[in-house]
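Visitor: Please show me the structure, and let us then ask of each term on what grounds it is applied.

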Amino acid sequence: MHILLTRPLEDCSEMILKFKSLGHQVSHLPLLTIEKMNYEEVNFFDYGGVIFTSANAVKFFDNISKLNKKIKCFCVGDITEKKARSVGFQNTIAAEGNVLNLKELILQNHETKDKPLLYISGEKISVNLEQQLLKEGYNIKRIIIYRMNHNEKFDKNFINELRLNIPDIVYVYSQNSASSLLNFIKIYQMENVWMNTNLMCIGEKTSSIL
């Protein structure tokens with residue numbers, strides 16, 4: 001089976017090796033590039049919990065050493081939790097890859113009267129978790145530390161090979177990636193060759209774009 005993965009290489013290298021070990025052909029089309037952003041300094045001792053809605057938020061947050069690793073660390077999913085634990089967070093709580101589920105976990109595990117929450121995220125978000133928690137009475141500070149850019153540079157030989165062997169399955173992990181894949185398909189006029197490909201998306205909003 002021919003499988004196409006679309007995340008940055010460092011985020012899917014383990015999956016590539018796993019699929020190849022099972023005898024599958026794997027192609028890699030990184031749809032997004034990540035750009036670190038400057039952000040304001042805050043007093044990290046003021047916060048009683050931290051929220052990460054992506055593994056990239058953990059990766060690009062260069063002030064992790066200033067946070068108390070024993071505070072509650074709310075993660076959107078298992079991958080984000082694994083990344084948070086790898087940098088030392090001990091009290092992690094993970095949702096199942098869904099921001100709305102993450103909100104419910106925060107409501108259950110952090111009181112509004114507790115110390116404020118620090119929300120670390122990328123520039124574009126699918127659900128405005130900050131506003132939803134503010135409406136619930138929480139004191140929350142959002143810091144934007146990275147942005148996603150659409151990758152527009154692809155190897156011509158790779159494109160030609162892809163045309164000759166369209167993948168059986170393509171994995172898409174975000175709405176940004178879905179938009180980027182749609183743009184890629186249109187640029188290279190490949191709209192009619194993906195009809196038999198199984199689209200594996202992280203959610204309905206992502207799949208609806210494609």
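Guide: In this predicted model, helix 7 has six residues to begin with by name: Ser177, Ala178, Ser180, Leu181, Phe184 and Ile185 are buried.

Visitor: What makes these buried residues of helix 7 lie on the same side?

Guide: The directions of the buried residues from the axis cover an arc of only 165°, and therefore they fall on the same side of helix 7. The general background is that an α-helix has 3.6 residues a turn, so residues three or four places apart point the same way.

Visitor: Why is Ile185 called buried?

Guide: The term requires a relative accessible area under 20%. Ile185 has a relative accessibility of 11%, so it counts as buried. Ile185 belongs to helix 7.

Visitor: Which residues does Ile185 touch, leaving aside those up to four places away in sequence?

Guide: Ile185 touches Met190, Glu191 and Trp194. A contact here means heavy atoms within 4.5 Å.

Visitor: Against which elements do the buried residues of helix 7 pack?

Guide: They pack against strand 3 (32–36), strand 8 (140–150) and strand 9 (169–172), and also against helix 6 (156–164) and helix 8 (204–209).

Visitor: How do you know that the length of helix 7 is close to what is expected?

Guide: Helix 7 comprises 13 residues, 175–187, and its first and last C-alpha atoms are 18 Å apart. At 1.5 Å a residue the expected value is 18 Å, and the span of helix 7 is close to it. Just after helix 7, Gln189 adopts a positive phi of about 50°.

Visitor: Strand 9 was named among the packing partners. Which way do its residues point?

Guide: Ile169 and Tyr171 point one way from strand 9, while Val170 and Val172 point the other way. All of them are buried.

Visitor: What makes strand 1 and strand 9 a pair?

Guide: Pairing calls for at least two bridges. Strand 1 and strand 9 are joined in the parallel sense over three bridges, so the condition is met. Among the partners, Ile3 is matched with Ile169 of strand 9, and Leu4 with Val170.

Visitor: How many bridges join strand 9 to strand 10?

Guide: Four bridges join these strands, which run parallel. One of the partners is Met200 in strand 10, matched with Tyr171.

Visitor: Why is one side of strand 2 and of strand 10 left without a neighbour in the sheet?

Guide: The open sheet is formed by four strands in the order 2-1-9-10, with parallel pairing. Strand 2 (25–28) and strand 10 (198–201) stand at its edges with a single partner strand each, so one side of each has no neighbour in the sheet. From one strand to the next, the twist averages 20°.

Visitor: What is the confidence in this predicted model?

Guide: The mean pLDDT of the protein is 91, and 100% of its residues reach 70 or more. Among the elements, helix 8 has the lowest mean, 87, and strand 1 (residues 2–5) the highest, 97.

Visitor: How many helices and strands does the protein have?

Guide: The protein has eight helices and ten strands. Of its 210 residues, 45% count as buried. Among contacts between residues at least 6 apart in sequence, 65% join residues at least 24 apart.

Note on methods
Residues are numbered from 1 along each chain as its sequence is written. This is a predicted model: local features need pLDDT of at least 70, side-chain atom pairs count only at pLDDT 80 or more; totals for chains, interfaces and linings use all residues. Side-chain values use heavy atoms; hydrogens and water are left out. Helices (H or I, at least four residues) and strands (E, at least two) are DSSP runs, numbered from the N terminus. The expected span of a helix is 1.5 Å times one less than its number of residues. Buried means under 20% relative accessible area, exposed over 50%, partly exposed in between (1.4 Å probe, protein chains only). The arc is that of the directions from the helix axis to the C-beta atoms. pLDDT is the predictor's confidence in each residue, from 0 to 100. Axes are lines fitted to C-alpha atoms, for helices over the stretch in contact, and angles run from 0 to 180 degrees between N-to-C directions.
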